[in-house]
Amino acid sequence: MMKNKPVLVIMAAGMGSRYGGLKQIAPVNDAGNIIIDYSLYDAHRAGFRDVVCIINPKNEAEFKAHLDVTNPGMNIHYAHQELTNLPPGFAIPPGREKPWGTAHAILSAKDLINGPFAVINADDFYGASAYAAVYDFLTNKAAPTRHAMVGYRIENTLSESGTVARGVCTANGNMLSKIRETMEIRPADGGAAFDDNGQTIFLPNGTPVSMNMWGFDGDFLVEIENRFASFLEENVPKNPMKCEYLLPSLVGELLEQGKLTVEILPSADKWHGVTYAEDMAGVRAALAQMKQNGDYKGMPGRA
């Protein structure tokens, strides 16, 4: 039986609180392109044709006005991540505005995903090789309990403007054995560091981390849906305003239980992304250099 062709899922519903605005559609070059345009250009070259963009419904007009113009080779669909998308018996905690996290974002798009799918963040530049690797995996290797993650070297994913959150990975060869969603990671000599219960934990150069670029078999959607209610039961009473149902945490839980495997697809590329407003100048400079080197010269612009 032939599998459906892989779908690219873009998580673009985040609020951008550290950036201070809707960073997902902030221009990153003089032609008016946004980071998603680069992602779709690389994804198209890898073989992807169908895209699901997960957004806040109040921003749909802005996304459509941009993406439907600059990406004519892609079939783009839109899914809404809404706080009200909850299992029966659950309600939004009074005063909560923050989305429910990355795993919930994917759950919001489940009716538009029919087969293997890749997941990316809207505001991260991953590099062309990452899309080629994940498309090949989804086409040739993905199975109900067999998934993949593009792994980046920690030193290639840091921001000079502040701390970052990363999925810090432990690997057994090319297989993921553990992943921990880690907050407030900062640069350090020879790598990076974060504080944990009063201790400073050092992450040496070469430590693999997740940037939320995943390759999942379609059956993974069942796990996301089945575990959401128990997540809410456990976490909403403890942190009603900010608890998040996160992909790395869910994957880590399933790894511990032996219910899936995750192959690490290593990338030596440098991550470029916009966590803080101050990151934008560096992203623009890096993309301008890539274009000068001959990359992305055929990508449609806005101006």
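**Helix crossing, hairpins and cores in a predicted model**

Good morning. I begin with two helices: the axes of helix α1, residues 35-46, and helix α4 come within 8 Å and cross at roughly 45 degrees. Angles from 35 to 65 degrees fall in the oblique class, and α1 and α4 are therefore oblique to each other. Their crossing is right-handed. On the α1 side, the contact is made by Ser39, Asp42, Ala43, Arg45 and Ala46; on the α4 side, Ala128, Tyr131, Ala132 and Tyr135 take part. I should state at this point that the model is predicted.

Helix α4 leads us to the interior. Which residues have the most contacts inside the largest nonpolar core? They are Leu8, Ile10, Leu40, Phe48, Leu67, Ile185 and Met213, in a core of 43 residues. The largest share of this core, 6 residues, comes from α4, which spans residues 128-140. There is also a second, separate core of 40 residues, which includes Phe117, Val119, Met149 and Leu260.

I turn next to the strands. Strand β7, residues 164-172, pairs with strand β8, residues 175-188, in the antiparallel sense over 8 bridges. Within this pairing, threonine 170 has lysine 178 of β8 as its bridge partner. The hairpin of β7 and β8 has 2 residues between the strands, and glycine 173 takes a positive phi near 70 degrees there.

Strand β8 has a further partner. It runs antiparallel to strand β9, residues 191-196, and 3 bridges join the two. Arginine 186 has alanine 193 of β9 as its bridge partner. β8 and β9 likewise form a hairpin with 2 residues between them, and in its turn glycine 190 has a positive phi of about 80 degrees.

Isoleucine 185, already named among the core residues, deserves a closer look. Beyond residues up to four places away in sequence, isoleucine 185 touches Ile154, Leu158, Thr163, Val164, Arg166, Val168, Ala192, Ala193, Phe194 and Leu203.

My last residue is methionine 211, found in strand β11, residues 208-216. Is methionine 211 buried or exposed? Buried means under 20% relative accessible area; methionine 211 has 3% relative accessibility and therefore counts as buried. Leaving aside neighbours within four places in sequence, methionine 211 is in contact with Asn121, Asp124, Tyr126, Tyr152, Thr157, Arg166 and Trp271. Phenylalanine 125 lies 86 residues from methionine 211 along the chain, and their C-alpha atoms are separated by 9.8 Å. Arginine 166 thus appears in the contact lists of both isoleucine 185 and methionine 211.

Thank you for your attention.

Technical notes
Residues are numbered from 1 along each chain as its sequence is written. This is a predicted model: local features need pLDDT of at least 70, side-chain atom pairs count only at pLDDT 80 or more; totals for chains, interfaces and linings use all residues. Side-chain values use heavy atoms; hydrogens and water are left out. A nonpolar core is a set of buried Ala, Val, Leu, Ile, Met, Phe, Trp, Tyr and Cys residues joined through side-chain atoms within 4.5 Å. Buried means under 20% relative accessible area, exposed over 50%, partly exposed in between (1.4 Å probe, protein chains only). Helices (H or I, at least four residues) and strands (E, at least two) are DSSP runs, numbered from the N terminus. Contact means heavy atoms within 4.5 Å. Two strands pair if DSSP finds at least two bridges between them. Axes are lines fitted to C-alpha atoms, for helices over the stretch in contact, and angles run from 0 to 180 degrees between N-to-C directions. Angles under 35 degrees count as roughly parallel, over 145 as roughly antiparallel, 65 to 115 as roughly perpendicular and the rest as oblique. A crossing is left-handed if the near helix is turned anticlockwise from the far one by less than a right angle, and right-handed if clockwise.
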